[in-house]
Structures are given as C-alpha cells and as structure tokens.
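Hi,

Here is the structure I said I would pass on. Have a look at it first, and then read on for what I found.

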Amino acid sequence: KAAPPPPKKKDSGPPRVPAIPAVLQGALAASGGGDAILHLELVRGLAYLSLMESNATAGSDYQAVTGKLEARGPSMVVRPLPTVDGARVPNTGVQFKKDPELMGLFLVEGADAKAIGKWLSTPIRRALCDVPAAWLRVEGATMTVSVFGVLEADKIDALVELADTIFAEHGADGGPSL
C-alpha cells in the first residue's frame, strides 16, 4: 500500500517581508508616508500590502497595496469626494458623465482626462465604488491603492480585491492575481 499523502500545510496567507522593493518605496511614501508596521508580499517583486502608522511627518494610519504596472499609466489621484458640513462638494475633477455613481463618490484629478478615462475602465470604476474610502494614485509605472484609518480584516480584504481588479488590467507581468 502507498503511504497516505502528507498533510497539507495550512495556508497562512502571504509572506511577511522586511521591506518592499526600492522601485515601489517612493510610491508608498507618496501615498501617505509613515512608519511600516508590516509588509506582506502579494506577488513577489510586483505587489505588496503594507500596514502603515502615523509618525511625526504623517498624520494618519493607513493600509496600502503598492504594485508595478505593465506600462506607464496617466498620472492621477482618485480620492473620496470631500465632504464639507455634511455635504459632498461639487465635483471639479475629471468628469465621467456616464458614471454618476463614481462622480458622486470620487474626485479624479490628473492632467490627461482622456487617458485617465481610458485607464479607469468600467470594472475598475465599479471596484472603486465598492470601496468608497479608497485612494488610488498612479505615477509612472506604479500604483498605490490606500485606505486611511484602521481597518478590520474584511475591509483590508476589500482593499486587496480592489487592487486585484486594477492589477488584472494594468499590472506588470500580465497582472497575476493578488
């Protein structure tokens, strides 16, 4: 008789790494700075989840997925539409007239509105709307998707799912699943 197969190792999630690659460090710093609590490797050399805490120069804790892109993307910042006195301010960013949900939740800023409109495909816009507290920053061949404040595990999962949707379309090496 053949011996039974060895028991499978319990999946403990992505491995913890001491730092993210240097090419991604600037993108992470630009998204919020702060001190790293931990970095998890989602895809070796391509995508990382970082849990960051505030320090003397960064005022907020946040979680971010930072990743390499296949090609340079249009420089942009997508952030929650600001609220003043309990009401959303008028949206003066890049206009998505056929997507009122996105326009009601996010301010999209960047110089090349046409390129940004193409880059933010319908699946990416829907995924953004599922995480209305998310910030997306694209600069050169890097992207960072962040949520500020302390998040519960299910909200961190939603952040990674959002980043996965973006990475599937624009990620380096064909955008492997995060």
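Let me start with a question: is Val-160 buried or exposed? With a relative accessibility of 15%, Val-160 falls under the 20% cut-off, so it counts as buried. Bear in mind throughout that this is a predicted model.

Val-160 sits in helix H5, which runs over residues 153-170. Leaving out residues up to four places away in sequence, the ones Val-160 touches are Leu-42, Leu-49, Val-65 and Leu-178. Arg-88 is another matter: 72 residues separate Val-160 from Arg-88 in sequence, and their C-alpha atoms are 26 Å apart in space.

Now the overall picture. I count 5 helices and 10 strands in the chain. The radius of gyration is 18 Å, close to the 16 Å that the globule rule gives for 178 residues, so the chain is as compact as a globular protein of that length. Measure the C-alpha trace along its principal axes and you get spans of about 70 × 35 × 30 Å. As for burial, 43% of the 178 residues count as buried. If you take the contacts between residues at least 6 apart in sequence, 59% of them join residues at least 24 apart.

On the surface, the chain exposes about 9900 Å², and 55% of that comes from carbon and sulfur atoms. The charged side chains come to 18 positive and 20 negative, with the centres of the two sets lying 5 Å apart.

Asn-91 is worth a stop. You will find Asn-91 in the loop between strand E7 (87-88) and helix H2 (100-105). Despite the loop position, Asn-91 counts as buried, at 18% relative accessibility. What does the side chain of Asn-91 reach? One partner is the backbone nitrogen of Gly-93, at 3.1 Å. A polar atom of the Asn-91 side chain also lies 2.8 Å from the backbone oxygen of Met-103. Setting aside neighbours within four places in sequence, Asn-91 is in contact with Leu-81, Met-103, Phe-106 and Leu-107. Met-103 therefore turns up twice for Asn-91, in that contact list and through its backbone oxygen.

Next, helix H4, which covers residues 122-130. Which residues of helix H4 are buried? They are Ile-124, Arg-125, Ala-127, Leu-128 and Cys-129. The cover over the buried residues of H4 includes strand E5 (76-80), H2, strand E8 (106-109), helix H3 (113-119) and H5. That brings back H5, the helix that holds Val-160.

Last, two backbone oddities to check by eye. Asp-85 is not a glycine, yet it has a positive phi of about 50 degrees. Asp-85 lies in the loop between strand E6 (83-84) and E7, and with a relative accessible area of 81% it is exposed. Asp-173 also has a positive phi without being a glycine, with a value near 55 degrees. Asp-173 is found in the segment after H5, and its relative accessible area of 63% makes it exposed.

That is what I have for now.

Cheers

How values were computed: Residues are numbered from 1 along each chain as its sequence is written. This is a predicted model: local features need pLDDT of at least 70, side-chain atom pairs count only at pLDDT 80 or more; totals for chains, interfaces and linings use all residues. Side-chain values use heavy atoms; hydrogens and water are left out. Helices (H or I, at least four residues) and strands (E, at least two) are DSSP runs, numbered from the N terminus. The radius of gyration is taken over C-alpha atoms; the globule rule is 2.2 Å times the number of residues to the power 0.38. Buried means under 20% relative accessible area, exposed over 50%, partly exposed in between (1.4 Å probe, protein chains only). Contact means heavy atoms within 4.5 Å. Accessible areas come from the Shrake-Rupley method with a 1.4 Å probe; for residues, only the protein chains shown count as cover. Lys and Arg count as positive and Asp and Glu as negative; His and the chain ends are not counted. The place of a charge is taken as NZ of Lys, CZ of Arg, CG of Asp or CD of Glu. A polar contact is a pair of N or O atoms within 3.5 Å; within protein, one must be able to donate a hydrogen and the other to accept it, and residues adjacent in sequence count only if both atoms are side-chain atoms.
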